[in-house]
Amino acid sequence: MKTITEYTKAVYTLASLYRQYTSLLGKMNSQEEDEVWQVIIGARVEMTSKQQEYLKLETTWMTAVGLSEMAAEAAYQTRADQASITARNHIQLVKSQVQEVRQLSQKAETKLAEAQTEELHQKTQEAVDKRADQEEEAYLRED
């Protein structure tokens, strides 16, 4: 669970950096913008690293759940009903806990996507505004 929590935290950090960057668009010089991008790239690398750890752990977890389910089934088949019930209850509890954490992770990923979309929207709007200003200046010069 710690790994997915760290991954989720890294995703939220990156989303926050994108939001801050977006709010500063047009207010920074190129050196400041480069410095901000270096921080964003570092956060993206950190997030990707945590994501890889999380995915590796998830694969291991899925294997363990599969083995536990087979053990519970074997206990049931050998008429060790109480052991089977206990194992299945524990498996369900763990599955629900992991599902809750996955949902938090997905929520963080959604926030990151929203922040990136907002950044693109802001940049597009700035490009449109700049183009309109250039066209207006060109038009005024023609007069």
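How many helices and how many strands are there in the chain? In this predicted model, the chain holds 3 helices and 0 strands. Read along the sequence, these elements give the pattern α-α-α.

The overall dimensions come next. Taken along the principal axes, the box filled by the C-alpha atoms is roughly 95 × 25 × 15 Å. The radius of gyration of the chain is 25 Å, whereas a compact globule of 143 residues would have a value near 15 Å. Of the 143 residues, 23% count as buried. The chain exposes about 10,200 Å², and carbon and sulfur atoms supply 55% of that area. As for charge, the chain carries 17 positive and 24 negative side chains, with the centres of the two sets 10 Å apart. Among the contacts in the chain with a separation of 6 or more, 78% are accounted for by residues 24 or more positions apart.

The helices may now be taken in turn. Helix α1 has 23 residues, which at 1.5 Å a residue should span 33 Å; its end C-alpha atoms are 33 Å apart, so the expected and computed spans agree. Its buried residues are Thr3, Ile4, Tyr7, Thr8, Ala10, Val11, Leu14, Ala15, Leu17, Tyr18, Tyr21 and Thr22. The cover over these buried residues includes α2 and α3. An α-helix has 3.6 residues a turn, so residues three or four places apart point the same way. Spacings of this kind can be followed in α1 through buried residues including Thr3, Tyr7, Ala10, Leu14, Leu17 and Tyr21. Just after α1, glycine 26 takes a positive phi of about 85 degrees.

Helix α2 covers residues 30-77. At 1.5 Å a residue, its 48 residues should span 70 Å, and its end C-alpha atoms are 69 Å apart, which agrees. The buried residues of α2 are Ile40, Ala43, Met47, Lys50, Tyr54, Trp61, Val65, Ala72 and Ala75. These residues pack against α1 (2-24) and α3 (81-142).

One member of that buried set is a lysine. Why does lysine 50 count as buried? Its relative accessibility is 16%, and the cut-off for a buried residue is under 20%. Lysine 50 lies in helix α2. Residues up to four places away in sequence aside, lysine 50 touches Thr3, Glu6, Tyr7 and Ala10. Of these partners, Thr3, Tyr7 and Ala10 are listed among the buried residues of α1.

Alanine 74 is also found in helix α2. At 41% relative accessibility, alanine 74 counts as partly exposed, whereas Ala72 and Ala75 are among the buried residues of the helix. Alanine 74 and glutamate 137 are 63 residues apart in sequence, and their C-alpha atoms are 80 Å apart in space.

Where is the place of arginine 79? This residue sits in the loop between α2 and α3. Its relative accessibility is 73%, and arginine 79 therefore counts as exposed. Most residues other than glycine have a negative phi. Arginine 79, by contrast, has a positive phi, near 65 degrees.

Technical notes
Residues are numbered from 1 along each chain as its sequence is written. Side-chain values use heavy atoms; hydrogens and water are left out. Helices (H or I, at least four residues) and strands (E, at least two) are DSSP runs, numbered from the N terminus. The radius of gyration is taken over C-alpha atoms; the globule rule is 2.2 Å times the number of residues to the power 0.38. Buried means under 20% relative accessible area, exposed over 50%, partly exposed in between (1.4 Å probe, protein chains only). Contact means heavy atoms within 4.5 Å. Accessible areas come from the Shrake-Rupley method with a 1.4 Å probe; for residues, only the protein chains shown count as cover. Lys and Arg count as positive and Asp and Glu as negative; His and the chain ends are not counted. The place of a charge is taken as NZ of Lys, CZ of Arg, CG of Asp or CD of Glu. The expected span of a helix is 1.5 Å times one less than its number of residues.
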